[in-house]
Amino acid sequence: MRYLQPYPSLARLLEAKRLHTLFSDFGAVLPAIRWLSCPGNTFLHDTEAYRQNVLFLLSGTLCVHANRMDGSTMLIRRCEDLILLGDMELMGYTDTSNTVQTKTKCVFAAIDRTFLQGYMLRDSTFLLTVCRSLAEKLARFGALQTTRQMGSAEQNLADRIRERADERNLYQENLRDAAMTLGISYRHLHRLLHGFVVRGILAHAAKGYRVLDAAALKQIAEPVREPDRQAKQNHKTEPARNLESNQDMDPETNPASDPSETRKRNQEGNTT
């Protein structure tokens with residue numbers, strides 16, 4: 001890992017990634033930017049540059065993993081576009097448990113964290129950028145946790161294939177990343193995919209698989225989405241149930257709910 005001297009291609013990279021749109025006064029931030037080059041297979045969270053700076057990924061590929069108490073990891077995301085690293089630390093949470101690893105050579109725009117902590121309070125645009133980054137990461141992690149807890153490995157894989165297959169029905173995800181995200185071994189993932197092929201749901205294709213039976217895949221994945229659908233159904237039918245309840249209490253539609261009618265029937269019963 002090393003810092004680079006500014007040169008024209010780096011300036012063009014800044015423009016291409018539209019880093020200036022994250023700040024309301026980019027001119028005040030530009031002098032504080034340093035260029036950081038990092039080789040592949042580097043654990044960023046162990047480096048001094050990561051501990052001192054907020055990093056903006058400009059080129060290359062990296063992966064973010066969540067660490068479990070038992071020592072295993074879960075892939076949260078694979079990043080190949082502009083992403084902000086160090087937002088939690090910027091907000092004061094320095095004891096984070098995620099592992100950040102570059103997969104290829106990466107170039108970052110590095111800005112001193114102490115500088116940004118002071119600047120952030122004067123720039124609502126950048127503060128909103130940090131909030132959106134944190135919210136997106138929280139939503140992503142929550143969705144992964146929910147999916148893994150709600151379904152079996154086969155159900156979660158079917159749901160993932162449906163979500164990531166393109167318009168040509170091709171599923172071409174990096175399978176090692178998929179296995180880590182689903183929390184299963186690479187070997188078990190291939191076993192599940194082979195089962196889908198044998199059942200005629202998938203077929204081997206260049207760099208991946210082609211979905212042959214989308215209906216069967218949906219049926220397998222259905223339990224993963226069942227709670228969401230049930231919640232929507234409950235929300236949809238709740239007003240109707242309330243309306244029925246109100247109608248039951250309306251004397252015009254239900255005479256039995258009118259106290260005078262009830263007393264009248266009781267009196268008739270006593271006279272007989």
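Okay, so let's start with the open sheet: three strands, in the order β5-β4-β7, with antiparallel pairing. This is a predicted model, by the way, so keep that in mind throughout. Which strands stand at the edges here? Those are β5, residues 73-79, and β7, residues 98-102. Each of the two has a single partner strand, so one side of each is left without a neighbour in the sheet. As for the twist, neighbouring strands are turned by 25° against each other on average, if you ignore direction.

Let's zoom in on one pairing in there. β4 covers residues 62-67, and six bridges join it to β5, the two running antiparallel. If you want a spot to click on in the viewer, take C63: its bridge partner in β5 is R78.

Now, what lies across β4 and β5? That's helix α8, residues 175-182, and it runs at about 135° to β5.

Stay with α8 for a minute, since there's a helix pair to look at. Two packed helices are described by the angle between their axes and the distance between the axes. For α8 and α9, the latter being residues 186-198, the axes come within 9 Å and cross at roughly 100°. Anything from 65 to 115 degrees counts as roughly perpendicular, so that's how α8 sits against α9. On the α8 side, the contact is made by L175, R176, A178, A179 and L182. From α9 you get Y186, L189, H190 and L193. Sort that contact by class and you have seven nonpolar residues, one polar and one charged.

One of those deserves its own moment: A178, in helix α8. Buried or exposed? Its relative accessibility is 0%, so A178 counts as buried. Leaving out anything up to four places away in sequence, A178 touches R160, Y171, E173 and L189. With R160, which is 18 residues away along the chain, the C-alpha separation is 8.6 Å.

While we're around there, have a look at D159, which lies in helix α7, residues 153-164. It's an aspartate with a relative accessibility of 6%, so D159 counts as buried. Its C-alpha is 7.9 Å from that of E222, and those two are 63 residues apart along the chain.

Right, over to another strand, β8, residues 106-112. Six of its seven residues are buried, so β8 is largely enclosed by the rest of the structure. Which strands does β8 pair with? One is β2, residues 33-38, antiparallel and over six bridges. The other I'll mention is β3, residues 53-59, and again six bridges join it to β8, running antiparallel. Two bridge partners to look up: R34 goes with A110 of β8, and S59 goes with V107 of β8.

That brings us to the cores. In soluble globular proteins, nonpolar side chains tend to be buried together. Here, the largest nonpolar core has 24 residues, and the ones with the most contacts inside it are L19, F23, I33, F56, L116 and F126. Where do they come from? At least two residues each are supplied by α1 (8-17), α2 (26-29), β2, β3, β8, α5 (113-120) and α6 (124-150).

Pick F126 out of that list and see what surrounds it. Setting aside residues up to four places away in sequence, F126 touches L22, F23, F56, L84, L90, L116, Y119 and M120. And apart from this core lies another, of 21 residues, among them L157, A179, I201 and I220. You've met A179 already, in the contact between α8 and α9.

Back to α6 for one polar side chain: S133 is found in that helix. At 12% relative accessibility it counts as buried, because the cut-off is under 20%. Not counting neighbours within four places in sequence, S133 is in contact with L84 and D87. L84 is also one of the residues that F126 touches.

Last, the whole chain. There are 11 helices and 11 strands. Of the 272 residues, 35% count as buried. And if you take the contacts with a separation of 6 or more, residues 24 or more positions apart account for 69% of them.

That's my tour, so over to you for comments.

How values were computed:
Residues numbered from 1 in each chain as written. Predicted model: local features only at pLDDT ≥ 70, side-chain atom pairs only at ≥ 80, totals over all residues. Heavy atoms only, no water. Pairing = 2+ DSSP bridges. Helix = DSSP H or I, 4+ residues; strand = E, 2+ residues; numbered from the N terminus. Axes fitted to C-alpha atoms, helices over the stretch in contact; angles between N-to-C directions. Contact = heavy atoms within 4.5 Å. Parallel < 35°, antiparallel > 145°, perpendicular 65-115°, else oblique. Nonpolar A, V, L, I, M, F, W, Y, C, P; charged D, E, K, R; others polar. Buried < 20%, exposed > 50% of the residue type's maximum accessible area, 1.4 Å probe, protein only. Core = buried A, V, L, I, M, F, W, Y, C linked by side-chain atoms within 4.5 Å.
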